[in-house]
Amino acid sequence: QQQLVESGGGLVPPGGSLTLSCVASGFASGHYVIAWFRQAPGKEREGVSCISSGGGATNYADSVKGRFTISRDNALNTVYLQMNNLKPEDTGVYYCAAGSYLKLYSSSRSILSPDGYDSWGQGTQVTVSL
């Protein structure tokens, strides 16, 4: 049974930092892309960042470039999202998701489109506020 479990969310003031973790289990060996998405109240889910199975390829939404860093430790089956200089507009529920590398990179859709991902975690709340 494939499972993704996020942790690390919380309340942080503007300019602060948080690190989110996503632990994956039950995935057969293979090439999986892990991505982070977020969803604010009343808004659509948007892609934040993703990383290839070996960690050699990463992508970021323009809104987080230079502030967020995605990384993975395959020995621990964990993907991290280091978030610095947080802004109120970063507030939302953050989800990690997994998708097939071949499916995602052979598609014409954006690598950060939620439609390309098959497995999802339950989400962790990030609130950026004074």
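**Group meeting: strands, turns and a surface patch**

Let me start in a loop: Asn85 sits between β8 and β9, with β9 covering 92–100. Please keep in mind that this is a predicted model. Asn85 is not a glycine, yet it has a positive phi of about 50°. Most residues other than glycine have a negative phi, and that is the reason to pause here. How buried or exposed is Asn85? With a relative accessible area of 42%, Asn85 is partly exposed, because that category runs between 20% and 50%.

Asn77 makes a nice companion. Asn77 also belongs to a loop, the one between β7 and β8, and its phi is positive at about 55°, although Asn77 is not a glycine. Its relative accessibility is 46%, so Asn77 counts as partly exposed. The two strands around this turn, β7 and β8, form a hairpin with four residues between them.

That hairpin takes us into a sheet. Which strands form it, and in what order? Four strands make an open sheet, running β1-β3-β8-β7, with antiparallel pairing. At the edges are β1, residues 3–7, and β7, residues 68–73, each of which pairs on one side only. From one strand to the next, the twist averages 15°.

Let's walk across, starting at β1. Five bridges link β1 to β3, which spans residues 18–25, in the antiparallel sense. Glu6 stands opposite Cys22 of β3. On we go to β8, residues 78–83, which pairs with β3 over six bridges, antiparallel again. Here Cys22 turns up once more, standing opposite Val79 in β8. The last step is from β8 to β7: these run antiparallel and are joined by six bridges. Thr69 has Gln82 of β8 as its bridge partner.

Now for another set of strands, β4, β5 and β6. Strand β4, residues 32–39, runs antiparallel to β5, and five bridges join them. Trp36 stands opposite Ser49 in β5. Between β4 and β5 there are six residues, in a hairpin whose turn includes Gly42 with a positive phi of about 80°. Next, β5 pairs with β6 in the antiparallel sense over three bridges, and Ser49 stands opposite Tyr60 of β6. This hairpin also has six residues between its strands, and Gly55 takes a positive phi near 85°.

Why is β5 described as largely enclosed by the rest of the structure? Strand β5 covers residues 46–51, and five of its six residues are buried, so the description follows.

Just past β6, which is 58–60, comes Ala61, in the loop that leads to β7. Ala61 has a relative accessible area of 15%, so it is buried, since the cut-off for buried is under 20%. Which residues does Ala61 touch, leaving aside neighbours within four places in sequence? They are Gly47, Val48 and Leu112. If you like distances, Ala61 and Thr91 are 30 residues apart in sequence, with their C-alpha atoms 15 Å apart in space.

I'll finish on the surface. Tyr101, Leu102 and Tyr105 make a nonpolar patch of about 310 Å². Tyr105 lies in helix α1, residues 101–105, and is partly exposed, with a relative accessible area of 36%.

Thanks, everyone, and I'm happy to take questions.

Conventions. Residues are numbered from 1 along each chain as its sequence is written. This is a predicted model: local features need pLDDT of at least 70, side-chain atom pairs count only at pLDDT 80 or more; totals for chains, interfaces and linings use all residues. Side-chain values use heavy atoms; hydrogens and water are left out. Two strands pair if DSSP finds at least two bridges between them. Axes are lines fitted to C-alpha atoms, for helices over the stretch in contact, and angles run from 0 to 180 degrees between N-to-C directions. Patches are made of residues with over 30% relative accessible area and no salt bridge: like charges are joined within 9 Å, nonpolar side chains (Val, Leu, Ile, Met, Phe, Trp, Tyr) within 5 Å. Accessible areas come from the Shrake-Rupley method with a 1.4 Å probe; for residues, only the protein chains shown count as cover. A salt bridge is a side-chain nitrogen of Lys or Arg within 4 Å of a carboxyl oxygen of Asp or Glu. Buried means under 20% relative accessible area, exposed over 50%, partly exposed in between (1.4 Å probe, protein chains only). Contact means heavy atoms within 4.5 Å.
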